[in-house]
Amino acid sequence: MSTHNENKTAIVSGSSIGIGSHIAESLINDGYNVVMTYFKNKNKAEKLEKKLKKIGNVKLYKLDVSKFSNVNSLVKNSLKNFPSIDLLINNAGIHIDRNVSSMDEISWNKVIETNLGGTFNFCKSVLPQMRKQQYGRIINIGSVVALTGSKGASNYSASKAGIIGFTKSFAKEVAPFGITVNTIMPGFFDEGMFYHLDSKTRKSIIKQIPSKRLGQSHEIADLIKTIIPSSYLTGQSFILDGGYSI
């Protein structure tokens, strides 16, 4: 375990399953205190919490990231347990796929409020502490579909495209305080969300990826580790998609 990050604290939203769970595990192995959040997957979240507690300090919270007051309370609770908030990974996200012709207002709003709204809620909530520290690293998890679009996922694509614009604007606001804000835009990864697609679609997608394979979660964790050290790298979007969007 790295002692360099001892007493540094990371918040990883939506970390009970998939990419988020791998990020949380990678950070705890690197010596961070980790604050995890989940919304639905209580059993998986608690199982992961138990596993990670054997390695380091973990706090797990159930959280609806679309509610600002809930996110703000979580950040305050986190500061009662740990002295700082050094890293925020905005990973929580949902998708409710439908063509625009059959999409209702609720499905549109829910995805935008969770994916884009949740990112805003967390960034705003951690800002006072990060400004006080004169240090912070914020990494928002977007998606390559922000660039390519995805049939039947206009709400999801729009929410992830919004994160790119938000990241650039917010990065300009907070750069004077030693805070960097970047986006990682994953393509198709060997995780749950990909397997919600039918097998014909899955095969067709893999054919379109120049690397001819799905991404592995550790590759996102590795990219995060590359971004963190630099205080001069901000407002950027890192596309990690095996060439899918080229």
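Let me start with a question: is Asn-140 buried or exposed? Asn-140 counts as buried, because its relative accessibility is 0%. Before I go on, please keep in mind that what we have here is a predicted model.

So where does Asn-140 sit? You'll find Asn-140 in strand β5, which covers residues 136-141. Its side chain has a polar partner: there's a contact of 2.8 Å with the side chain of Asn-90. Setting aside residues up to four places away in sequence, Asn-140 also touches several others, including Thr-119, Cys-123, Phe-166 and Asn-182.

Asn-90 brings me to the next stop, the cavity. How many cavities of 30 Å³ or more does the structure hold? Just 1. The volume of the largest cavity comes to about 30 Å³. Asn-90 is part of the lining, and among the others there are Ser-13, Val-65, Asn-91 and Thr-119. That Thr-119 is also one of the residues touching Asn-140. Which element gives the most to the lining? That's helix α4, residues 105-133, with 5 residues. If you sort the lining by class, you get 7 polar residues, 3 nonpolar ones and no charged ones.

Okay, on to the nonpolar cores. As a bit of background, nonpolar side chains in soluble globular proteins tend to be buried together. Here, the largest nonpolar core has 27 residues, and the ones touching the most other members are Ile-23, Leu-27, Ile-89 and Ile-139. Several elements give two or more residues to this core, among them β1, α1, β4, β5 and α8. So our strand from the start, β5, shows up here again. The top contributor is α1, with 5 residues.

Let's look at Ile-23 for a moment. Not counting neighbours within four places in sequence, Ile-23 is in contact with Val-12, Ile-89, Ile-141, Ile-220 and Ile-224. There's also a second, separate core, this one of 24 residues, and it includes Leu-63, Cys-123, Ile-138 and Phe-166. You've heard two of those names already: Cys-123 and Phe-166 are both touched by Asn-140.

Last stop, Pro-176. Pro-176 is in the loop between α6 (154-174) and β6 (179-186). Pro-176 has 57% relative accessibility, so it counts as exposed. And how far apart are Pro-176 and Gly-56? In sequence the two are 120 residues apart, and in space they are 32 Å apart, C-alpha to C-alpha.

That's my tour, thanks for listening.

Notes. Residues numbered from 1 in each chain as written. Predicted model: local features only at pLDDT ≥ 70, side-chain atom pairs only at ≥ 80, totals over all residues. Heavy atoms only, no water. Helix = DSSP H or I, 4+ residues; strand = E, 2+ residues; numbered from the N terminus. Buried < 20%, exposed > 50% of the residue type's maximum accessible area, 1.4 Å probe, protein only. Polar contact = N/O pair within 3.5 Å; in protein donor to acceptor, adjacent residues only side chain to side chain. Contact = heavy atoms within 4.5 Å. 1 Å grid on protein atoms, 1.4 Å probe; cavity = no way out; pocket = protein on both sides within 12 Å on 5 of 7 lines; lining within 4 Å. Points joined across faces, edges and corners; volume = space filled by probe spheres on them. Nonpolar A, V, L, I, M, F, W, Y, C, P; charged D, E, K, R; others polar. Core = buried A, V, L, I, M, F, W, Y, C linked by side-chain atoms within 4.5 Å.
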